[in-house]
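Me: I have a structure to go through with you. Can we take it step by step, with short answers?

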Amino acid sequence: MQERIFRDQDRPIGRHQKMIDETSVQSALIAVRSVLHSDGGDIELLAIDGDAVRLRLLIEDAQCAECVLSRSMLELVALDLMRSALPSLKAVAIEDPREL
């Protein structure tokens, strides 16, 4: 009998694909944090949804608040940096307080 693991109700995960867990995401966020910390910002994990993560940008000072990188560019940078540790990661969504 073939082993099957399910997430998000009934979407099957390939046998060799790892589930994304909080510990792995927190480890992968170290690279993203190093980029943001240089401008006084930070990032926090809000949720893991299958092969996607939802993050929140934390702005600690004016330098980060005036960053020229848009939310969509930050999402691409975060995805690229995190994929080295989480190859099964498919999407990153960031809540950006600059857009509120």
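Reply: Yes. Helices and strands here are DSSP runs, numbered from the N terminus; a helix needs at least four residues and a strand at least two. This is a predicted model.

Me: What pattern does the chain follow along the sequence?
Reply: Start with the inventory: the chain has three helices and five strands. Read from the start of the sequence, these elements give the pattern β-β-α-β-β-α-α-β.

Me: What share of the contacts with a separation of 6 or more comes from residues 24 or more positions apart?
Reply: A contact means heavy atoms within 4.5 Å. Take the contacts in the chain with a separation of 6 or more; residues 24 or more positions apart account for 51%.

Me: What percentage of the chain is buried?
Reply: Buried means under 20% relative accessible area. The chain has 100 residues, and the buried share is 31%.

Me: Is α1 parallel, antiparallel, perpendicular or oblique to α3?
Reply: Helix α1 covers residues 22-37 and helix α3 covers residues 71-83. Their axes come within 9 Å and cross at roughly 130 degrees. Roughly perpendicular runs from 65 to 115 degrees, and roughly antiparallel starts over 145. The crossing therefore makes α1 oblique to α3.

Me: Is the crossing of α1 and α3 left-handed or right-handed?
Reply: Handedness depends on which way the near helix is turned from the far one: anticlockwise or clockwise, by less than a right angle. For α1 passing α3, the crossing is right-handed.

Me: How many nonpolar, polar and charged residues does the contact of α1 with α3 have?
Reply: Helix α1 brings Val25, Ala28, Leu29, Ala31, Val32, Val35 and Leu36. Helix α3 brings Leu74, Ala78, Leu81 and Met82. By class, the contact has no polar residues, no charged residues and eleven nonpolar ones.

Me: Which element gives the largest share of the largest nonpolar core?
Reply: This core has 19 residues, and Leu55, Met82 and Val92 touch the most other members. The elements giving two or more residues are α1, β3 (41-49), β4 (52-59), α3 and β5 (91-95). The largest share is five residues, and it comes from α1.

Me: Which residues of α1 that meet α3 does methionine 82 touch?
Reply: Set aside neighbours within four places in sequence. Methionine 82 then contacts Val53, Leu55, Leu89 and Val92, among others. Its list also includes residues that α1 uses in the contact with α3. These are Val25, Ala28, Leu29 and Val32.

Me: Is leucine 55 buried or exposed?
Reply: Leucine 55 lies in strand β4. Leaving aside neighbours within four places, its contacts include Leu29, Ile43, Met82, Val92 and Ile94. Its relative accessible area is 0%, so leucine 55 is buried.

Me: What separates the C-alpha atoms of leucine 55 and leucine 45?
Reply: The two are ten residues apart along the chain. Leu45 is also among the contacts of leucine 55. Their C-alpha atoms are separated by 4.6 Å.

Me: How far apart in space are glycine 41 and glutamate 60?
Reply: Glycine 41 is in strand β3. It is buried, with a relative accessible area of 0%. Glutamate 60 is 19 residues away in sequence, yet the C-alpha to C-alpha distance is 5.4 Å.

Me: Is glutamine 26 buried, partly exposed or exposed?
Reply: Glutamine 26 sits in helix α1. Beyond residues up to four places away, it touches Arg33 and Leu45. Its relative accessible area is 29%, and the partly exposed class lies between 20% and 50%, so glutamine 26 is partly exposed.

Me: Is aspartate 80 buried or exposed?
Reply: Aspartate 80 is in helix α3. Its relative accessibility is 59%, and the exposed class starts over 50%, so aspartate 80 is exposed.

Conventions. Residues numbered from 1 in each chain as written. Predicted model: local features only at pLDDT ≥ 70, side-chain atom pairs only at ≥ 80, totals over all residues. Heavy atoms only, no water. Axes fitted to C-alpha atoms, helices over the stretch in contact; angles between N-to-C directions. Parallel < 35°, antiparallel > 145°, perpendicular 65-115°, else oblique. Nonpolar A, V, L, I, M, F, W, Y, C, P; charged D, E, K, R; others polar. Buried < 20%, exposed > 50% of the residue type's maximum accessible area, 1.4 Å probe, protein only. Core = buried A, V, L, I, M, F, W, Y, C linked by side-chain atoms within 4.5 Å.
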